[in-house]
Structure formats: structure tokens, C-alpha cells
Protein chains: 2
Amino acid sequence: MRLIRELRGLLKHGRALGTINLFSSKSQIAEEVAKLLDLKAQQAPAEDAAANQKFTLKTPKGTRDYSPEQMALRLNVFNKIISVFKKHGAETIDTPVFELKEVLTGKYGEDSKLIYDLKDQGGEILSLRYDLTVPFARYLAMNKISNIKRYHIAKVYRRDNPSISRGRYREFYQCDFDIAGTYDPMIPDAECIKIIAEILDVMQVTPFVVKVNHRLLLDGMFEACGVPKSNFRAICSAVDKLDKSPWEEVKKEMVEEKGLSEDVADKIGNYVKLNGQLELVDKLLLDENLSKNKCAVEGLESIKLLLKYCEIFDISNKVSFDLSLARGLDYYTGVIYEAVLLGDDIAVGSVAGGGRYDNLVGMFDGKNKQVPCVGVSIGVERLFAVMEQRLQAANRKTRTTEVDVYVCTAQKNLVEERLKLCNELWDNEFKVEFSYKKNPKLLAQLQYCEENSIPYALILGESEVKSGIVKLRNVTTREELEVKRGNLAEVLRQKLGELNCNGTVPT
Amino acid sequence: MRLIRELRGLLKHGRALGTINLFSSKSQIAEEVAKLLDLKAQQAPAEDAAANQKFTLKTPKGTRDYSPEQMALRLNVFNKIISVFKKHGAETIDTPVFELKEVLTGKYGEDSKLIYDLKDQGGEILSLRYDLTVPFARYLAMNKISNIKRYHIAKVYRRDNPSISRGRYREFYQCDFDIAGTYDPMIPDAECIKIIAEILDVMQVTPFVVKVNHRLLLDGMFEACGVPKSNFRAICSAVDKLDKSPWEEVKKEMVEEKGLSEDVADKIGNYVKLNGQLELVDKLLLDENLSKNKCAVEGLESIKLLLKYCEIFDISNKVSFDLSLARGLDYYTGVIYEAVLLGDDIAVGSVAGGGRYDNLVGMFDGKNKQVPCVGVSIGVERLFAVMEQRLQAANRKTRTTEVDVYVCTAQKNLVEERLKLCNELWDNEFKVEFSYKKNPKLLAQLQYCEENSIPYALILGESEVKSGIVKLRNVTTREELEVKRGNLAEVLRQKLGELNCNGTVPT
């Protein structure tokens with residue numbers, strides 16, 4: 001080790017001075033160092049293993065492991081969401097966890113600084129995906145796909161300083177559904193909102209409201225209020241803070257940081273406090289300022305059509321046209337929406353959001369060919385948090401396996417008989433566990449069943465083996481029944497069927 | 001931009017000289033540079049967006065997107081594998097895609113150079129996971145878990161130069177099942193082999209053989225043949241190549257690269273060509289050299305017990321004790337196994353493998369507390385490749401959605417009626433699609449059904465709307481039936497049930 005350090009020092013020194021005395025050339029030194037490093041690499045495992053015990057054992061900042069209980073809950077949530085996506089005919093795709101850095105550059109505005117970069121190890125410059133929308137747009141452009149309806153559930157990465165206590169992480173799941181294609185106005189957009197409503201219904205996180213707004217209306221409103229065009233995005237991002245901050249603070253930001261006149265800010269203030277249904281659209285279509293603005297009128301007409309479709313989809317009572325909704329991301333071009341939970345006990349805020357982005361795919365196409373898109377992202381991490389809180393409150397345990405039956409023994413030296421019985425049951429497609437100890441205690445085995453909510457235990461003793469029977473025990477009621485081996489599969493299937501019907505099998 | 005470069009140059013220069021003339025202090029310069037960089041960041045999106053159209057659109061080297069067809073196939077394979085894991089009582093966990101670099105260091109021997117590192121962006125030094133086993137061991141040690149049976153399906157990352165034509169990638173799925181805990185010998189080990197056999201059976205990739213061997217037997221054999229202890233790993237890794245290279249080449253590597261005498265190599269050669277069943281174990285237990293070696297005898301006795309359990313599990317005919325099996329990874333300590341497909345048409349080789357690693361968890365524990373583990377990794381990427389080849393050969397299309405019925409119209413101006421009907425069907429839990437065009441052509445709608453294997457179409461016209469009926473069309477047979485709206489859900493449920501029973505719905 002010391003030799004390597006010396007050689008490295010020498011190499012540095014030689015470089016700095018531009019002259020080398022000990023070896024005849026830099027390349028020769030480099031070669032020697034490489035050899036020694038190779039040697040070191042070969043010895044590394046043992047050395048490093050010893051070193052390992054010194055560092056703190058943890059997952060990287062802002063990340064976490066998911067325990068079996070958490071995974072069971074998550075898979076349950078995903079399955080419910082996926083079944084809604086499938087009801088609406090969605091396919092699924094997957095993309096790599098990293099992209100060429102260039103793919104992500106310039107898509108996220110100020111947030112680009114939160115992108116995780118990979119180290120340049122020779123080759124391409126890569127970054128971890130920041131969301132699933134930009135990779136989706138890249139996928140469409142790269143494969144020249146002009147229409148698709150797909151969902152994508154995967155982890156994304158943001159080097160934020162998240163408040164983990166509030167359920168925010170640097171690695172987290174996104175759960176997206178998007179419709180790409182050139183279609184008639186507001187039809188796919190309305191289906192996206194329908195999907196949000198169905199998912200929140202099936203997750204039983206009611207009451208909720210889906211706020212809707214339109215980028216064109218926002219732009220038109222800004223224009224009508226006298227905001228300079230160059231300032232639209234900055235003012236939009238100020239409006240976006242209205243869900244967390246009172247108007248006075250947002251106004252202060254507009255005036256003091258973003259240079260609006262107080263008068264212009266107040267005009268905006270009068271609009272962004274409005275929310276309602278179709279009647280509000282009609283009222284604004286008659287508004288003195290907005291009715292003269294082409295963008296605003298186009299936005300309002302779009303919202304009107306969207307609300308009509310929402311009525312047909314029977315979700316009007318869950319949708320609110322809200323002029324304060326802005327959404328941060330740069331790429332939205334049309335309708336935007338966001339679902340918020342209204343229960344006062346759970347302060348999770350937004351649980352789904354999305355909108356129309358008609359220009360993103362074109363950014364990846366050499367000929368700037370556009371593929372209009374509209375989509376929704378379900379805030380699954382927040383839904384997980386709600387579900388976890390509920391489980392805790394109900395003091396209910398999540399079952400993490402689906403084992404039907406546990407093969408036990410009351411006596412010693414029956415390991416082979418137990419394995420044989422397990423094998424018979426596996427061959428009959430039962431879900432079976434048994435103790436990996438050669439001579440386990442019966443009490444320990446039965447306790448295992450209770451702790452893991454396994455509904456049935458099969459108990460084998462020498463006499464049972466001899467007479468070709470087995471004891472079937474209902475773990476909850478402790479009732480026992482002797483069953484002939486030949487009938488076991490049938491009896492067990494029947495018993496499990498009964499449990500499922502009664503709903504007494506924990507799920 | 002030029003100013004930034006100049007300032008940077010100046011800063012560098014100032015540092016190098018140790019004196020600064022233009023500004024009074026280094027910190028002042030740094031401040032100015034920071035301001036300019038901020039300015040640049042704010043301008044970046046627009047600049048970069050324009051640049052985007054110039055680069056080649058691709059996924060990073062060695063990675064790929066998964067299309068809906070590929071995903072449908074993959075999810076199908078995963079579901080089959082997961083149901084086998086669940087039959088054996090496994091839970092599932094998840095871990096972050098990256099780990100502290102220290103966690104991975106020293107676990108993979110020479111392959112450590114293939115680890116993807118993240119860029120140091122301030123904070124922790126991170127690497128992408130290389131497999132699921134080391135994160136699993138870290139998870140156990142960190143959470144002080146002394147027994148668990150878990151599966152984990154996730155992507156792992158290796159900066160290899162993979163032959164993509166042979167289905168190898170830098171980002172690929174691993175699919176692991178492991179049993180951690182202190183148990184009696186060979187019981188969980190045998191269950192792992194049973195699981196491999198069940199999975200390959202359910203995937204219908206027969207015939208296959210699961211080769212088994214034991215690290216202690218390998219070490220004992222090397223010792224008995226006269227290999228110096230310090231050379232065990234190197235010789236083991238040479239033996240590992242026997243699945244791809246003939247003995248003569250491996251021998252050459254042993255003698256010429258790894259310094260064995262020809263005599264010693266030949267002795268090894270005589271052993272590694274052996275494979276068989278229990279009778280081979282008994283023969284080797286009487287072998288003059290091996291019977292004197294403690295390690296070898298212990299390994300042989302273990303294999304004997306394992307083969308006995310395999311017999312009980314009814315998989316003897318699929319298991320072969322094979323002295324040439326070595327497996328590359330450093331962390332194995334006991335039984336090792338590997339499943340190989342035998343079909344001569346598909347040259348995929350190993351499709352599953354694993355073994356016992358009793359010392360890995362202890363490497364993460366401050367007090368070196370061990371948690372013995374045994375596990376299996378299913379080579380899902382190879383299974384995917386086999387399935388894809390089969391689908392191609394059979395010229396069969398994979399269905400990527402599960403849509404039951406498509407709501408069509410034969411006339412114009414019925415978009416609202418279609419949405420209404422869709423909504424009724426969604427509320428009744430049917431999977432429904434419809435055209436997003438306001439006035440689509442009937443032929444186009446029916447073609448869509450055929451292309452996407454949607455079994456039923458519902459056709460609405462003005463007269464149907466008026467009389468409260470709808471035309472139900474079987475897309476395959478083209479039979480049509482008029483159904484009252486009030487009875488629609490019931491009739492449709494029945495029709496779909498019949499299709500499922502007949503197995504005529506493509507899945």
C-alpha cells in the first residue's frame with residue numbers, strides 16, 4: 001500500500017515538474033502504477049470486507065427499504081390502480097431507469113438541478129429519470145408512435161431535500177396513465193379525469209375534488225390583466241403556490257420579486273379566487289376583460305366542453321373549475337387538473353394531477369413532428385401514507401404471505417414424512433410452509449401459524465403416518481379433523497373455499 | 001458565456017499563482033461566478049431545448065425500452081414465477097436502486113469494475129445495485145432480521161459490454177428467492193432446488209437439468225489434488241469456465257496463467273469430468289484422496305443429504321451432481337446449483353442458479369453476527385428470450401390489453417351517447433374502449449376491435465338510442481344481437497363468461 005502511495009506521489013510530482021528521473025517515461029510509471037493497482041484490486045475484497053464493519057449501515061439519504069408489510073400494502077394499491085387503468089384499455093411499457101442526460105435537459109425548468117447524474121466512467125453521460133413523462137415522450141418520438149394509451153408504474157429520482165416525515169423521498173414511485181394521439185377536443189382529457197375519480201373511489205379516499213383549469217385561460221388572464229408576456233411563466237409559478245400560501249404572500253412575491261405593479265396583481269387576485277362549475281365558465285365568457293382575449297375565450301370554451309363530458313361521466317359533483325390551479329411543470333399546453341383530498345384529518349393535499357402537453361414529443365423529433373398527449377399521474381406515495389395511517393389506526397395487521405396450510409409434526413424424526421406431505425400438497429397447487437428444523441416443537445409450529453394468519457395446520461405423527469391419515473386443524477377455532485391422505489386435497493380445497501366465502505381468511 | 005469562462009480561468013489562475021489582482025479575495029470571485037452560473041441556469045432551458053433536436057434519439061448503451069407486447073410477456077412470466085414463490089410462502093421486499101458505494105465494495109471480486117457509480121453531487125457516494133443479494137444482506141443486517149423467506153424482482157445494473165444479440169443487457173431484471181435463518185442442513189437448500197424445478201416446469205422450458213455441487217467439496221478436491229490454498233479461488237474461477245470451454249483450454253489457463261503443475265491440473269481434470277447421482281457420491285466417499293480430506297467428506301455428505309431430500313421432492317430425475325459446477329461469485333459457502341436447458345434448439349444455457357452464502361450478512365454486522373442464507377436467482381431475461389422466440393415461431397400475437405367491449409357508432413353526432421354507454425359499462429366493471437374521434441367511421445372502429453382482439457363491439461345508432469336497445473356484435477363470428485339497455489350488463493357478462501370457458505378469448 002505504501003508503495004502505491006509513493007508511486008502516485010512520484011507520478012504527480014513528475015507531472016508537475018515536467019521531468020522524471022526514476023523512470024524513463026511517464027507511460028512507464030503509469031504502467032507500473034496500473035500493475036500495482038491491479039494487485040491491490042485483487043487483494044481488495046478481504047481488506048474492504050474488514051473496513052465494511054466500520055461505516056454506518058443505512059440506505060442513501062432520502063431513500064428507504066420496503067418491508068414485506070409495506071410491499072403487501074403497496075402491491076395492493078398498485079393492483080387496484082392497475083385494474084382501473086385496464087378498465088380503460090391501457091397497455092403498459094417500461095423504459096430504462098437512466099436516460100442520456102440530453103434527453104432530460106431543458107424539460108423541468110428550475111428543477112433541473114435536482115436531477116441525479118451518473119459518474120462519467122467513460123462512455124455516455126447519463127442521468128436518472130426525473131419523471132415518467134419525458135421518457136414516455138422520448139419513447140414515442142424514438143419509435144415514431146403516433147397513438148397509444150399506456151400506463152407506467154416505476155420509481156423516479158429527485159435530489160430534493162424532502163421532508164421524510166411528510167412521506168416525501170428522493171426515490172419514489174410514479175404511477176402514470178397517458179393518452180397520446182390526435183383526437184377531438186376534450187374526449188381523452190375527460191377520460192383522464194374520470195380515471196382519477198375512479199381510482200380515488202376504489203381507494204376509498206373520499207371526499208375529494210378534482211380541480212381543473214386551462215393553460216390558455218391562465219395565459220389569457222395574465223394578458224388581460226396586463227402581465228408582460230415574458231413574465232407569464234414566473235407569475236404562473238407564483239399562482240401555483242396558492243394551494244400552500246395565502247393570497248397576500250403570493251401577491252407579495254408577484255410585486256416584490258417578480259416586479260408586477262400592485263394594480264395588475266390585484267386584478268389577478270380577483271380572478272384566482274374564483275371557482276365553480278359551468279355557471280362560472282358562462283359568467284367569465286361574459287367578463288369584460290376575458291371576453292376580449294382570444295386565448296382566454298379558447299380556454300373557457302375548452303373547459304366548458306370538458307365539464308359537459310364530466311357531467312356525462314357522472315363526476316360533475318367531484319370536479320371544480322378553479323382559476324387558482326396553475327401546476328408547476330413547463331410542458332403543459334392545455335387542460336390541467338389536480339385532485340385534492342378534503343378529509344380534514346388527513347393533510348396530504350394533492351393525490352393526483354396532470355394535464356395536456358401537446359409539444360413535448362415534438363422536442364424529440366428531428367422534424368418537430370408533434371404527438372398531442374394528455375395524462376395523469378397518481379400520487380401513490382401519498383396514497384400509501386394514507387393507507388398506512390388507516391391500518392395503524394385500525395390496529396390491523398397486513399398479511400404478507402398467502403400460505404394455505406402449514407405442515408407440522410408432534411413427534412421427532414418425521415422430517416422426511418413432512419417433506420413428502422408438503423410435496424403432495426405443492427403438486428396439488430396448495431400454498432404450503434413447514435419448519436426447516438428437523439425436530440421442531442409443536443407449540444412453536446402452531447404459534448407460527450397464528451402469527452402468520454395461516455388458516456390451517458396439518459399435524460403428522462407416527463400413528464397418522466402408519467394409518468394413512470393426517471390431522472387437519474383450523475388454526476383459529478382449534479377444531480381438529482382426521483382426514484384420509486387420499487382425500488386430503490379435496491377436503492382442504494373445500495375447507496379453504498368455505499373460509500374464503502365467509503371472508504374469515506385475512507387478506 | 002464568454003465572461004463565465006474568463007472568470008473561471010481567472011479563478012484558476014489566481015489559485016495557481018496564489019495572488020489575485022482584480023478582486024480583493026477568492027470568495028468574492030467565487031461569489032461573482034456563482035451569480036453568473038445562476039444566470040446561466042435560468043437561461044439554460046430555452047438554449048438546451050433547441051439543442052435537443054440535434055442529438056441521436058436512443059436509450060443508453062446496453063439498455064432498452066419494453067414495448068407493450070414485451071411487457072405483456074414479461075408480466076406473464078413474472079406472475080408465473082411469483083405464484084411459485086408464493087406457493088412456498090415467500091414475502092417480498094424492495095430496496096433502493098442505489099446503495100452507498102461502501103455497501104457494494106468488496107463483494108463482487110474482479111467484477112467490481114462493472115459497478116455504475118453516481119456522480120458526486122455533494123453528499124453521499126452512491127452506486128447502482130449490481131445484484132439483489134448484497135442489498136438483501138445489507139437489509140437483514142441493518143434491520144437485525146434473523147429469518148425471512150423473501151422474493152425480490154427488480155432491475156440490476158452492470159457496466160458490462162454485453163452481447164445484446166444474445167439477450168444480455170446492462171440493465172436487466174433479476175428475480176431472486178432467498179431463505180435466511182439458522183436451520184437444519186439441506187432443508188431450505190432442497191426447497192430452493194424444488195422451486196427452480198417448479199418454475200421451469202410451469203414455464204414449460206423442459207427438458208432441463210439442475211446441476212449441484214458444494215464449495216467445500218471443491219475446496220477439498222483442490223486441496224487433495226495439491227493446489228495451494230492461496231490459489232483456490234483462481235482455480236475455482238477457471239473451473240467455472242467449463243460450461244463454455246473444453247477441458248484442454250481450462251487446463252491451459254490453470255497451468256500457464258495460474259501456475260499449476262500439469263500433474264495437479266490433470267488430477268483436477270479427472271474429477272471435474274464426473275457427474276451423476278447418489279451412487280457417484282458414494283463412490284467419491286470411498287475415493288482414496290477425497291476420503292482423507294475433511295472438507296471434501298463434509299461436502300459429499302451434504303450433497304448426499306440434499307439428493308435424498310430431492311428424491312422426496314420428486315425431482316431426482318432433474319438433478320445432477322456435477323463436479324464441474326463452480327459458480328463465479330465469491331460469497332458462496334456451501335451448496336451451489338445451476339439449471340441448464342437441454343433443448344438443442346435453444347442455446348440459452350443457464351436459466352437459474354444460486355447457492356448457500358452463510359457469511360455475507362455478517363460482513364455488514366458490527367459484531368460480525370452471521371445469518372445463514374440460501375437462495376436462487378431465476379434468469380428471467382433468458383426465459384423472456386425463450387418465450388419471445390416461441391411466440392415468433394408460432395406467429396402468435398400477444399394481447400396487450402384486456403378490453404371486453406368496444407363502444408361504436410354507425411352514425412354521426414353520437415359522441416355523447418357513446419360516452420354515456422361507456423360510463424354505464426365502466427360502472428358495471430367492464431373493460432371498455434371507444435374512439436376518441438367525434439365522428440369515427442364504423443369500419444375503422446370494427447377494424448380496431450379485430451386488430452386488438454377485442455371480443456365484443458356494441459353498436460349505437462339513432463334508432464337504437466330512441467328504442468333503448470344496443471347491437472351486440474361478436475367481433476370474431478360477426479354475429480349480431482339486439483339487447484335492451486336494461487339487460488345489457490347481464491347479457492354481456494354471460495357472453496364474456498362463455499368466451500372465457502371456451503378459451504376463445506386470447507390472453
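In which hand does helix 7 of chain A pass helix 10 of chain A? The first legend takes up this crossing. The model shown throughout is predicted.

**View 1. Helix 7 of chain A crosses helix 10 of chain A.** The crossing is right-handed. Helix 7 spans residues 215–225 and helix 10 spans residues 262–272. Their axes come within 9 Å and cross at roughly 140 degrees. From helix 7, the contact takes M221(A), F222(A) and C225(A). They meet V264(A), K267(A), I268(A), Y271(A) and V272(A) of helix 10. By class, this contact has seven nonpolar residues, no polar residue and one charged residue.

**View 2. Helix 3 of chain A meets helix 6 of chain A.** The axis of helix 3, residues 68–87, comes within 10 Å of the axis of helix 6. The two cross at roughly 145 degrees. This crossing is right-handed. Helix 3 contributes K80(A), I81(A), V84(A), F85(A) and K87(A). Helix 6 contributes I195(A), E198(A), I199(A) and V202(A). The contact of helix 3 with helix 6 counts six nonpolar and three charged residues, with no polar ones.

**View 3. Helix 6 of chain A also meets helix 14 of chain B.** Helix 6 covers residues 187–202 of chain A, and helix 14 covers residues 415–427 of chain B. Their axes come within 13 Å and cross at roughly 20 degrees. Angles under 35 degrees count as roughly parallel, so helix 6 of chain A is roughly parallel to helix 14 of chain B. The crossing is right-handed. On the chain A side, the residues are I187(A), E191(A), K194(A) and E198(A). Facing them in chain B are V415(B), L419(B), N423(B), W426(B) and D427(B). Four of the contact residues are nonpolar, one is polar and four are charged. E198(A) appears here and in the contact with helix 3 of chain A.

**View 4. Chain A and chain B bury about 9,200 Å² between them.** Carbon and sulfur atoms give 58% of that area. Each side is counted by residue: 105 from chain A and 105 from chain B. Between the two chains there are 18 salt bridges. Over all chains, the structure holds 67.

**View 5. Salt bridges link chain A and chain B.** Side chains of opposite charge can pair when their charged atoms come close. One such pair is R138(B) with D65(A), at 2.6 Å from N to O. Another is K119(B) with D117(A), whose closest N and O atoms are 3.8 Å apart. K119(B) lies in the loop between helix 4 (101–104) and strand 3 (126–128) of chain B, and D117(A) lies in the loop between helix 4 (101–104) and strand 3 (126–128) of chain A, so this pair joins two chains.

**View 6. A cis peptide bond precedes P207(A).** The bond joins T206(A) and P207(A), with omega about -5 degrees. P207(A) sits in the loop between helix 6 and strand 6 (208–214) of chain A. In chain B, the bond from T206(B) to P207(B) is cis, with omega near -5 degrees. P207(B) is placed in the loop between helix 6 (187–202) and strand 6 (208–214) of chain B.

**View 7. E429(A) has a positive phi.** The value is about 70 degrees, although E429(A) is not a glycine. E429(A) is found in the loop between helix 14 (415–427) and strand 13 (432–434) of chain A.

Notes
Residues are numbered from 1 along each chain as its sequence is written. Chains are lettered from A and ligands numbered from 1 in the order in which they are written. This is a predicted model: local features need pLDDT of at least 70, side-chain atom pairs count only at pLDDT 80 or more; totals for chains, interfaces and linings use all residues. Side-chain values use heavy atoms; hydrogens and water are left out. Axes are lines fitted to C-alpha atoms, for helices over the stretch in contact, and angles run from 0 to 180 degrees between N-to-C directions. Helices (H or I, at least four residues) and strands (E, at least two) are DSSP runs, numbered from the N terminus. Angles under 35 degrees count as roughly parallel, over 145 as roughly antiparallel, 65 to 115 as roughly perpendicular and the rest as oblique. A crossing is left-handed if the near helix is turned anticlockwise from the far one by less than a right angle, and right-handed if clockwise. Contact means heavy atoms within 4.5 Å. Ala, Val, Leu, Ile, Met, Phe, Trp, Tyr, Cys and Pro count as nonpolar, Asp, Glu, Lys and Arg as charged, and the others, Gly among them, as polar. Buried area is the accessible area (1.4 Å probe) that two parts lose on being put together, summed over both. A salt bridge is a side-chain nitrogen of Lys or Arg within 4 Å of a carboxyl oxygen of Asp or Glu.
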